[in-house]
Structures are given as structure tokens and as C-alpha cells.
Amino acid sequence: MSQSGLTRTELRAAFSLASVFSLRMLGLFMILPVFALYGQHLQGYSPLWVGIAIGAYGLTQAVLQIPMGMASDRFGRRKIIVLGLLMFSAGSAVAALAHHILWVVAGRALQGAGAIASAVLAMAADLSRDEQRPKVMAIIGVSIGLSFALAMVVGPVLAAQWGLSGLFWLTAVLALCGILVVKFAVPQVVHKAPKGDTLPAPQRLGKMLKDPQLIRLDLGIFLLHFLLTATFVIMPAMLVNAGLPSDKHWELYFPIVVVAFFGMVPMIIIAEKKHMSRQMVQIALVVMLGSLAATWYLQHWLWGLIAALLLFFIAFNYLEATLPALIARIAPAGDKGSAMGIYSSSQFLGAFFGGSLAGAMAQYADKEGVLIMSAMLVLLWLWMSRGMRHPSNLKSVSLSAPYMAGREEQLAAGLSALPGVLEVNLMAKESAIYLKVNTQEFELAKARALLAEAG
């Protein structure tokens, strides 16, 4: 039995996990437009240490995504997410209490140590079916974009009232609110994979790092966030030169993010119904290449830059939603957290190198050099995408769960033992079961018979 469209459980999972991301990222983003200005009172302040303080978060994020993802496979997603939010809140408190910029650096590094992206994305995969997962990932991705746009508006306003310390304290509180969302809003799930896959070990990472399909997706998210940060190294100045004052940029970013979300929805629907994930990824890359060309040729015309940004974010949003969904589908059962850890580390490293290399390129080769570099990377990605494969033998099956009265683990283990069942996600409160199966081996009648006996 399969249901088209997002189920009530999937919608609840999407919006609750998006809220966890948003509460955390809103506090993080609010610091960015004001730190260099309001941090000047700190002892040891210098532009160099400002850059280190900002970058410290991304560095610890990149380093710890894989261990945190592996831990979520071993100890459970919910525990790791709560632990990460507590670490993020503690880091915010350290930064709020700081009088020397070195303590701000320490606080930012501790914030980054709460690296929950891989665990949250893995939980989103646990709570959604393969064919609906891009929609869930899209909701989470757009929530991050909206948090960014909102932070650009309220960050400077609140900093003027509360100062830098006040923003860090607010960030700490928002992270604690995220824990409440995890506890009361995110659906409970019993996750079961075949016995041989449930205990991830560091040596299993080597196998995933050699998988050509996973490598393509990990390199894809690296390049996607490289391109995002590179674009925003040069785009603000280009908008100013085209006639849009810097204090008005938020009025542009917010509607573009919203419109781009609706612009990429048809791409997700077509990819899902026609099994054209590779082709739609390639179309998105062509759209992104077009956005870079429009930025080059229309850079002195404000409406031209607006059109280029809209194209960029339509492609970006589609790829941001599709890549983690494909990772979750291809990753070995029981290792989604580990796979998402590699994916998230690649994402943060892409952002770091994109900003760094684009900054150097902008200084020595001007903005045209950044655009040429970006276009060459999109072409490289297009070339790599030729080898993408659709996992045609894998399918999601949704079933109604019987009344279990504390027998969730027993029922999940029984379903996991059936031939062709790669993964079981059981949500007792929602009376829902999602199976990931190999269609060549799975027999639906056997699963229904087991559920009838349990009922």
C-alpha cells in the first residue's frame, strides 16, 4: 500500500525538523551582518580574528559531522540532536560572556561542535518515503533560506538594542527551544535495519568513500555550497553598483527565496513521477550555468541581476533538496547517519573553500574571475553527472501499523527479517510503517501476513 503525496507523519516530520534547523540557524545568521561592527569593543579585536571567529564554526562543523552522524546510527538520532543543541547553546553562552575575542572564537568553535545536520537529515530520511523525501528535504532547505533572510532583517535591529552579547544569549535560548521541538513535535520512530548493518564502524566509511554514486553526490554538495558562497562574495557589490543600496538587499533576498521554492517544485514532481533524477539534476545545472551567464552579461542592469539570482536559487533549491534524498536512498541500510555525516562535511568544506577562493579570485582577478571559475565548476559537475544511476530496484512501501502495546521493537525486528526488506521505520503513535525494500526480493503478502498475526 502506497500513498501519493506527503502523509500527515511526513508533513509533521518535515516542519518540526525544519523548525529545529531554523531556530538554530536564525541565531547563527543574525551574528553575521553585525559581528565585525559590534565586536570592536572586544579585547584583541582585529579583522583577522573576526574572520577566524566566523570560520571557527564552519571548521568544527566540517570535522565533526561524520562522527556525529555515526553516533546517531549507533545511539539514536534524537539523543545526538539534543546533545548537539546543548553544545550549540553552551557555545553561544561562552561567546555572550566573552570580553576577549579569543573567547568568542572558543564559543564559536563550541557552537560548531554541536554538528547536528547529519543526524537531522538522517532522521528526516527515517521519517519519509524515498519518493517523497525530496519534498521533505525541500521544506527543510527553504526554512534555512527563510531563516537567513529573516536574520538579515532582525539581526541589525536587535544588535542595536541588545549588543553582540544579547544576540549570543538569544542564540542560546533559540537552541534550547529547538530541544523542546525535538521532544514534543518530532514524531517518534523505531528504526530497524538488517543486523549486519546496524553497528557502524569507522572502517565502513572507507567503503562509502569509494562508492562512485555516493562520491558524485558528496562532490555535488561540495560544489553547490562552493558556488553559493562564491556567488555571495561578489553579488552584494554588484547589486550596489546596479543601483540597489545595501540596506535594501534583504527586501530582494526574501521574495527571491520564496519564489524560487515554488519554481523548483515542478522539477521535484517530474523527477519523482518520471524517475528522471539524473536528467533533472542536469537541467538544474544548466539553469545554474544560465544564471552565471546572466550575471556576467546583465551585471549593470538591476532587473537582470534579479533574474539571475532567481534562476540561481531555483537550481540551488532543487539540488539542495534532491542530493540528500538521493544519499539517503543509496546509503547502506543502518548507515544513513554516517553517509549524511560525509555529505554534511562536504557541504561545510565547500562553503569554506568557496568563500576563501572566491575572495582571493575577486581580489586578483575581479568578479569576472569568480564567474569564470564558477562556470567551469558547473561544467565539471555536468560532466560528473553522466554516471548517475537511479536505484530502480529500491522502493518505499507504507503500511498501517496494528496496535502494538509496547511490542514495537519486536514487530520491527520481524519485518526487518523478511526477504528484501532493507530498512524498517515504525511510528506507533501515527500507526504508520515505512519499509525500504528491494522489489526483486520483497513480497508484500508476507509483510501483511506478519502484521495480521501481530494485530
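This passage describes a helix, a nonpolar surface patch and a buried serine in a predicted model.

Helix H10 covers residues 249-274 and makes a convenient starting point. With 26 residues at 1.5 Å a residue, H10 should span 38 Å, and its end C-alpha atoms are indeed 38 Å apart, so the expected and modelled lengths agree. Along H10, the buried positions are His-249, Leu-252, Tyr-253, Ile-256, Val-257, Ala-260, Phe-261, Met-264, Met-267, Ile-268 and Ala-271. These buried residues pack against four helices, namely H7 (133-184), H9 (212-241), H11 (277-297) and H12 (302-330). Just after H10 comes His-275, whose phi is positive, at about 55°.

One of the packing partners of H10, helix H11, also contributes to the protein surface. There, Trp-296, Tyr-297, Leu-298, Trp-301, Trp-303, Ile-372 and Met-376 make a nonpolar patch of about 860 Å². At least two residues of this patch come from H11, and at least two from helix H13 (336-384). Ile-372 belongs to H13. Its relative accessible area is 43%, and Ile-372 therefore counts as partly exposed, between the limits of 20% and 50%.

Helix H7, another partner of H10, holds Ser-147. Is this serine buried or exposed? Ser-147 is buried, because its relative accessibility is 6%, and the cut-off for burial is under 20%. A polar atom of the Ser-147 side chain lies 2.8 Å from the backbone oxygen of Ser-143. Leaving aside residues up to four places away in sequence, Ser-147 touches Ser-22, Met-25, Leu-26 and Phe-29.

How values were computed: Residues are numbered from 1 along each chain as its sequence is written. This is a predicted model: local features need pLDDT of at least 70, side-chain atom pairs count only at pLDDT 80 or more; totals for chains, interfaces and linings use all residues. Side-chain values use heavy atoms; hydrogens and water are left out. The expected span of a helix is 1.5 Å times one less than its number of residues. Buried means under 20% relative accessible area, exposed over 50%, partly exposed in between (1.4 Å probe, protein chains only). Contact means heavy atoms within 4.5 Å. Patches are made of residues with over 30% relative accessible area and no salt bridge: like charges are joined within 9 Å, nonpolar side chains (Val, Leu, Ile, Met, Phe, Trp, Tyr) within 5 Å. Accessible areas come from the Shrake-Rupley method with a 1.4 Å probe; for residues, only the protein chains shown count as cover. A salt bridge is a side-chain nitrogen of Lys or Arg within 4 Å of a carboxyl oxygen of Asp or Glu. A polar contact is a pair of N or O atoms within 3.5 Å; within protein, one must be able to donate a hydrogen and the other to accept it, and residues adjacent in sequence count only if both atoms are side-chain atoms.
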